[in-house]
There are 2 protein chains.
Amino acid sequence: MTNTLYLPELREYLAQNDTNELREFCDALHPARAAEFMEGLTPQESWEVLHHASEEARAEIFRFFDPAVQIEVISTNPRKEVAALIANLRPDERVDLLKEIEPRVCDELLELVPADDRLDILRLRAYPEGTAGAVMTTDFARLREDMTVAEATQEVRRQAKQQETIFYLYVVDAHDYLRGLISLRDLVLGDEEARIGDLMERDVVVVHVADDQEEVAQTMARYDFLAIPVVNQANQILGIATYDDIIDVVVEEATEDAHRIAAIDPLNTGYLQTQLFTLTWKRGMWLMILFLGSLITAYTLSSYEGTFARVPWLVLFIPLVISSGGNSGSQSATLIITALSTGDITLSDWARIVWREFLMGILLGGFLAMMGYIAAAFHGDVSFMDATVVPLTLLLVVLCGTLSGSLLPLLFCRLGLDPAMMSNPFVACIIDIVGILIYMGVALTILEVPLAGH
Amino acid sequence: MTNTLYLPELREYLAQNDTNELREFCDALHPARAAEFMEGLTPQESWEVLHHASEEARAEIFRFFDPAVQIEVISTNPRKEVAALIANLRPDERVDLLKEIEPRVCDELLELVPADDRLDILRLRAYPEGTAGAVMTTDFARLREDMTVAEATQEVRRQAKQQETIFYLYVVDAHDYLRGLISLRDLVLGDEEARIGDLMERDVVVVHVADDQEEVAQTMARYDFLAIPVVNQANQILGIATYDDIIDVVVEEATEDAHRIAAIDPLNTGYLQTQLFTLTWKRGMWLMILFLGSLITAYTLSSYEGTFARVPWLVLFIPLVISSGGNSGSQSATLIITALSTGDITLSDWARIVWREFLMGILLGGFLAMMGYIAAAFHGDVSFMDATVVPLTLLLVVLCGTLSGSLLPLLFCRLGLDPAMMSNPFVACIIDIVGILIYMGVALTILEVPLAGH
C-alpha cells in the first residue's frame, strides 16, 4: 500500500525546484519514513528529490527504496553521480545491489568509485551467497588494548561518522587479530582512566567467514547479540554481521523452508517480483516429478483392476486411505523440518523422535481407524467383517505416514542435504504408493476374493 | 547436543565447594556460554553453581538456561532465594517464565519479591499473549529535554546499572509522555554543552501496547530498529520491545505458519518439549476434520460406482487427478500465505495475484495435461479419443487448484482470520471433492457410457 500523504507537496516542490523544502523533507524524517512517502513517485522523481538532500541523508533514504527502484535509479542516471552515491552506501548492502545490476553498467560504475571502496566491493563480492562473508559489513569500529577509556571515546567519536554500528567496539592488534570486544555501553560506564585491555571481554564468540548464514543467525539469536565478528582461519577480523541482516536471514530461510515443504523451488525475489515463467518453472519441475510418482500409483492400481471389478466398494475408500496417510505424513515432516531448522532438535535426537512418531502413529491411526470402521460398516454393500479392511488399512497407513514423514527429513539431514527437500507432497506421493499396496494387501487377506482375478 | 567440556571440572568444584573457581567460571565466560557448559548438569547442580556467582551473573546465566531447567529450579528451591533471583531477571522474561509456574508457587514467590518488581510483574502479566505489551520490557533509560549532553551522560551512567538496553534513550516529560529519542551513539558524538531537546529525533516511530507482536516485528524489521517504544492511547511510554524479542517473534510466527500450513495446531513449546498427548490432539483434531472431508469424497465416488464398473480404467487415474490438483493448490496456498506474512503482498494486490495464478494454472495444467494424455493413451484398454478425458480433467483440476489455493487464503485474510488456517491439506481436501466431480463430469461427457448406470 503506497502512502500518498506527501505526494502532491513533493511533486509541487519538484516542479518549483524548491531546494529548501525538499532538503527539510529528507533531513527531518526518519529515512525509512521518507522513503515510504516517496513510494508513489517514479524512480526518476525520487532521484530528483534525493538531489536536494544532504549526502548522508541521500544514501540513508536510498537504502530504504524498493530494490526495483534502486536498480532503475542506478542503471539510468549519470554514472558519476551514481558512483558518489555508491561510495556512501553501506558496504554489505551495496554489494547485494551491484549483483543485480547489468555487469557492463556495474563495471563502468566501479571505475568511478574511490579506490578503497572499489577494493572493498570486489572483496565482499567474492564471498559465496549464503555465507557469513556475504552478509557481513566491513564498517566497524576498531580500538587498541592500550587505550584508556577517554582515548577510546575520542577514537570512537572520530570513527563513528563512517560507521553504521558502533554499539560494539572491536579491540584488535596492528594486524587486525581480534583481541577482545567492549560494548559502547561499557565504554560509557567505564572509568576515564581505565585501560580498554582491562575492561574488554576476551571470550569473544565469532563466526567464520565461510559459515552458513543460517548458522550465523542461530548463533546471534542464541546469544542475543547485536553484531558478531566474522573472522578468517587465522582469527583476523574481516567484518561484522549485524542484527538487521540476521532478521532478513531468518525471514528468508523460514520462507525458503515453507516453499520447499510445499514443493516449490525457493524464489530469490518476492512473489509479485518473480517472473511468471520463472515461477511456473519452479513449481512445474516439482509437479512433474510428483506426477511421475502418481503414475507409479496408477500403475500399482492397474494390477488390481480385477479386484476392483469384483469388490467395487473398495474404490470408494482409495482417496480416504491415501489422504489420511499423506496428511499424517505431512504433519510429521513439517514438525521435524521446522524443529531442525530452529535448532529445536538435532540429528542425535533421532531415536526419541522416531519413537514419538511411532506412538503418535498408533494413536492417530487408531483413532482414524475407529471412524473408518463406522464409515465402512454403514455402507450398504459391506458386511461388518469385510468392513475391517478399512480400519486395519488406516492404522497401518497412518503409522507408515508418521514414520516416513519423520525418517525421511532426518535421513536427508544426515546426508548433508536440506531436510526441507523432503517436501510434504513428496512424502505424500510415497505414501500414496505404499498406501495402495497396504490397502490391497489387507483387502486380499481379509476378503474372499479369488486371487486369480488380479 | 550437550557440551561436556567443563562438566568434570564443574562437578569437582561442586564436590569441593570451591567458591573461587566456580565464581571465576560464572563471571569470566559469556553468560550464554556458561549456561551452555552447564547443560549436562542436573537442575539442582546448576543452581548450586549459580550460588557461587555474583548476583548479576547469576540472573544473566539463568536466563540462558533451558526453560524446563528454569521451571524446575524455580519450583523446587527455597522461595526466598528464588524470589531474589526473580527480582534480578529481565522484566519481560520473568513474566513469561512465571506464566509456566504452578499458580500456587507463583503466588508464594510474588509475596517475597520487592514491591515495585511485584507491581511490574502484575502489570506486564495482564497484557494478552501475542501483543506488544506481552513482549515489551519496562527497563529503559529516560532522559529530559532540558538536560545537556554532559548531564544526560551522567544520568545514563546512573541508570545503566539496571537497564538491559541503553542503545536508545527515551526523552519523556514528567508524566512519561514521549517527546523524542536519542541514540547512545548520538549522545557520545554530541557536544557536551548541547541540549538533548535540540539533538533528539522528534519523529519517533512507536507501536501501541495492544498491537499484534507480528506487526511490531514487521515495523522493527522495516526500519532496522534495535528497539521500539510501546505506548498507550495517550502516547505515554509503557515500555520498549527489543531486537532479541523480535527475532524470537519472527521465528515463532514462521514456525506457527508452517505448522498451520501442514494442518497442525501451533505448538506453544518445542517439538520434544510438547507432551505426546497434546501433540497428538493438535494433529488429531485436524486429521479428523480432513477425514470427514475425505468421507465426502468417498460419498461422491459412490454415486459413480456404476460408471467405474463399466469403464474400470477410470479408477487408475483417480490418485493422479486428485494429487495433481492438491499439489498445485498447496503450492499456491503456501506462496500466498508466506507472501502475506512477510508483507510481500497485501490484500489490495488480490486481482493481480488471482490473474497470475490463473495464468500459472493454465501453464502448469497444460503441461501436466500433455503428460497425462501420453500416460492414458498408452494404457492398453483406452482409445486415443477416450484418453482425452485425462488431460482435460488435469487442466481443469490444476486450474481449480491454483485458483482455490490463492483465493481461499486471501478470503480468510479478508475475513480477519489467519490465512494459514487455510492449510494445504484443507485446500487439497476441497480439491479432492471438486476433482472427482470434474473427472466424472468430463468422463460422462466424452465417453459413451449410458447415463442410467450411475
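## Exercises on a predicted two-chain model

About 10,300 Å² is buried between chain B and chain A, with carbon and sulfur atoms giving 69% of this area. The model is a predicted one.

### Exercise 1: the interface

Describe the contact between chain B and chain A by its residues, its area and its polar pairs.

Solution.

1. Start with the area. The size of an interface is often expressed as the accessible area lost when the parts come together. For chain B and chain A this gives about 10,300 Å². On the side of chain B, the residues that lose the most area to chain A are Y271(B), L272(B) and R283(B), together 8% of what that side buries.
2. Count the residues. Chain B brings 119 residues to the contact, and chain A brings 119 residues.
3. Count the polar pairs. Between the two chains there are 40 residue pairs in polar contact, both residues being at pLDDT 80 or more. Helix α17 (residues 276-302) of chain B supplies 18 residues, the largest share of the side of chain B that touches chain A.
4. Count the salt bridges. There are 8 between chain B and chain A, and a search of the whole structure finds 48 over all chains.

### Exercise 2: salt bridges across the interface

Find the partner of R63(B) in a salt bridge, and decide whether each of the two residues is buried or exposed.

Solution.

1. Identify the pair. R63(B) forms a salt bridge with D224(A), and their closest N and O atoms are 2.5 Å apart.
2. Place both ends. The pair crosses between chains: R63(B) lies in the loop between α5 (55-62) and α6 (67-76) of chain B, and D224(A) in the loop between α15 (213-223) and β5 (227-231) of chain A.
3. Apply the cut-off, under 20% relative accessible area for buried. R63(B) has 13% and therefore counts as buried. D224(A) has 15%, so this residue is buried as well.
4. Add another pair. The side chains of R222(B) and E36(A) meet in a salt bridge at 3.4 Å, N to O.

### Exercise 3: salt bridges within a chain

Work out how R104(A) and E108(A) are placed in their helix, and give the accessibility of each.

Solution.

1. Confirm the pair. R104(A) and E108(A) form a salt bridge with the closest N and O atoms 3.1 Å apart.
2. Use the spacing. The two residues are 4 residues apart in helix α9 (residues 103-112) of chain A, so about one helical turn separates R104(A) and E108(A).
3. Read the accessibility. R104(A), at 48%, counts as partly exposed, and E108(A), at 31%, is partly exposed.
4. Turn to chain B. E102(B) forms a salt bridge with R104(B), the closest N and O atoms being 3.6 Å apart. E102(B) is partly exposed at 47%, and R104(B) is partly exposed at 48%.
5. Look for shared partners. One network of salt bridges joins E60(A), R63(A), R90(A), E93(A), D244(A) and D224(B).

### Exercise 4: the surroundings of R202(B)

Locate R202(B) and list its contacts beyond four places in sequence.

Solution.

1. Locate the residue. R202(B) is in the loop between α14 (196-199) and β4 (207-208) of chain B.
2. Classify it. With 51% relative accessibility, R202(B) counts as exposed.
3. List the contacts. Leaving aside neighbours within four places in sequence, R202(B) contacts E145(B), R179(B) and G197(B). A polar atom of the R202(B) side chain lies 3.0 Å from the backbone oxygen of G197(B).

Notes:
Residues are numbered from 1 along each chain as its sequence is written. Chains are lettered from A and ligands numbered from 1 in the order in which they are written. This is a predicted model: local features need pLDDT of at least 70, side-chain atom pairs count only at pLDDT 80 or more; totals for chains, interfaces and linings use all residues. Side-chain values use heavy atoms; hydrogens and water are left out. Contact means heavy atoms within 4.5 Å. Buried area is the accessible area (1.4 Å probe) that two parts lose on being put together, summed over both. A salt bridge is a side-chain nitrogen of Lys or Arg within 4 Å of a carboxyl oxygen of Asp or Glu. A polar contact is a pair of N or O atoms within 3.5 Å; within protein, one must be able to donate a hydrogen and the other to accept it, and residues adjacent in sequence count only if both atoms are side-chain atoms. Buried means under 20% relative accessible area, exposed over 50%, partly exposed in between (1.4 Å probe, protein chains only).
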